[in-house]
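Work through the exercises below with the model open. Try each task before reading its solution.

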Number of protein chains: 2
Amino acid sequence: MAVKRTKWLNTSEMAAWRSYVVASRRLMDALDVDLQEHDLSMADYEVLAHLSEAPGRRMRMSELAETSMVSKSRLSHRMKVMVKAGWVEREVCAEDKRGSFAVMTEKGWRAIVRAAPDHVASVRSRFLDNLTAKDQDDLAKIFDRVTARLRKQYLESFNKN
Amino acid sequence: MAVKRTKWLNTSEMAAWRSYVVASRRLMDALDVDLQEHDLSMADYEVLAHLSEAPGRRMRMSELAETSMVSKSRLSHRMKVMVKAGWVEREVCAEDKRGSFAVMTEKGWRAIVRAAPDHVASVRSRFLDNLTAKDQDDLAKIFDRVTARLRKQYLESFNKN
DNA sequence: TTGAATTAGTTGAAAGCTAAACTGCATATT
DNA sequence: AATATGCAGTTTAGCTTTCAACTAATTCAA
């Protein structure tokens, strides 16, 4: 079979890619720094936010891990820290005795309620304020496409190999 | 002073933000996985790529850290690993005896040359292929704006506090 | 219904990262 | 010159994250 010659990035592709990578890196760093005053990282915020929106503020570990985009293992480790901080508790699952629930405590609720306004202000000031309404739409479309494609590629990777 | 009431995100703001966050997370994860076959992380790739493009394939540690967007400390740690892998060497700086150069070895060069085509293909297939030429331009403009604003905010944070 | 294969979740060890302290040199100030 | 201040880079300690192994419960399948 013929060897594939690399199709390097042209100027405009490179510009788009670099611009995106650089901004994303710095943006997430800034948001993380902003959250530090609430003793939270982006990842922990994400976990607590999802949990806070769940019915009864309780969720199965696996589901929480999935929606928060962290590995089960990582969630398990963070959980220990958050339990120690008094933000969440564990609860055994009656229907499936392997399983367990993460339940947000009142203290955890207060913590996320305190952090949320600052975080939203951060997201606005550092990101959204740069976008027109049209930019928002364009961007959502583009990145939804990216996610959809990643999922497709992920699924295909099973059939092929 | 009046208390600031939080301006929560509306539907389209939320869509843009979530879409971006989710896609970015998954995209970077995918690129990292793709690079694993070359024993590289995105961060290490970035460092080696910058170094490989420098004149003489050598750079001062501080400059390399800055352009690669990693802390000096982190670079120092990674450096130990990369030296052990035989990809780079250290060289003392004659002009400023505090300083030191990172110099890419022939082996390091071969490693990055081997990885680059796959990485570029990855970036294309997982990201750029989702973008029209116009998308590329829009995106570059938006994220350049984000970076510019972050820098401005960073500078302002000194004057204020 | 009994054994095999999955699944939920945790754990432990190794690697990675961050923040702060530290070393040694360089530059500025008097 | 002497001292202070700043800078380049490393190191240490303490987390955090990952990866693989593991436990225990569940489901599948003959």
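**Exercise 1. The protein interface**

How many residues does the contact take from chain A and from chain B?

Solution. The contact takes 55 residues from chain A and 55 residues from chain B. Contact here means heavy atoms within 4.5 Å.

Before going on, note the conventions. This is a predicted model, where local features need pLDDT of at least 70, side-chain atom pairs count only at pLDDT 80 or more, and totals for chains, interfaces and linings use all residues. Residues are numbered from 1 along each chain as its sequence is written, chains are lettered from A and ligands numbered from 1 in the order in which they are written, and side-chain values use heavy atoms, with hydrogens and water left out.

Step 1: area. The two chains, A and B, bury about 5400 Å² between them, and 62% of it is on carbon and sulfur atoms. Buried area is the accessible area (1.4 Å probe) that two parts lose on being put together, summed over both.

Step 2: main contributors. A:Trp17, A:Tyr20 and A:Met69 lose the most area to chain B in chain A, together 13% of what that side buries.

Step 3: polar terms. The interface of chain A and chain B holds 8 salt bridges (a side-chain nitrogen of Lys or Arg within 4 Å of a carboxyl oxygen of Asp or Glu). One pairs A:Arg18 with B:Glu46, with the closest N and O atoms 3.0 Å apart.

Step 4: elements. On the side of chain A that touches chain B, helices H1 (11-36), H2 (42-53), H5 (106-126) and H6 (133-160) of chain A each give two or more residues. Helices are DSSP runs (H or I, at least four residues), numbered from the N terminus. H1(A) gives the most, with 18 residues.

**Exercise 2. Salt bridges and burial**

Take three salt bridges and place each partner by element and accessibility.

Solution. Use these classes: buried means under 20% relative accessible area, exposed over 50%, partly exposed in between (1.4 Å probe, protein chains only).

Step 1: within chain A. A:Asp34 and A:Arg126 meet at 2.6 Å, N to O. The pair links distant parts of the chain, helix H1 and helix H5 of chain A, 92 residues apart. A:Arg126 is buried, at 17% relative accessible area.

Step 2: between the H6 helices. A:Asp135 and B:Arg145 have their closest N and O atoms 2.8 Å apart. Each lies in helix H6 of its chain, so the pair joins two chains. A:Asp135 is buried at 12%, whereas B:Arg145 is partly exposed at 34%.

Step 3: from a loop. B:Asp129 bridges to A:Arg149, the closest N and O atoms being 3.9 Å apart. B:Asp129 sits in the loop between helix H5 and H6 of chain B, and A:Arg149 in helix H6 of chain A. B:Asp129 is partly exposed at 45%. A:Arg149 is partly exposed at 25%.

**Exercise 3. DNA strand D**

Which residues are closest to DNA strand D?

Solution. Step 1: list them. Of the 22 residues that surround the strand, the closest are A:Ser73, A:Arg74, B:Ser62, B:Ser76 and B:Arg90. A residue is near a strand if one of its heavy atoms lies within 4 Å of it.

Step 2: split the DNA side. Sugar and phosphate account for 65% of the atoms of DNA strand D that come within 4 Å of the protein.

Step 3: inspect single pairs. A polar side-chain atom of B:Ser76 is 2.8 Å from a phosphate oxygen of DNA strand D. For B:Arg98, a polar side-chain atom is 2.8 Å from a base oxygen of DNA strand D.

Technical notes: A polar contact is a pair of N or O atoms within 3.5 Å; within protein, one must be able to donate a hydrogen and the other to accept it, and residues adjacent in sequence count only if both atoms are side-chain atoms.
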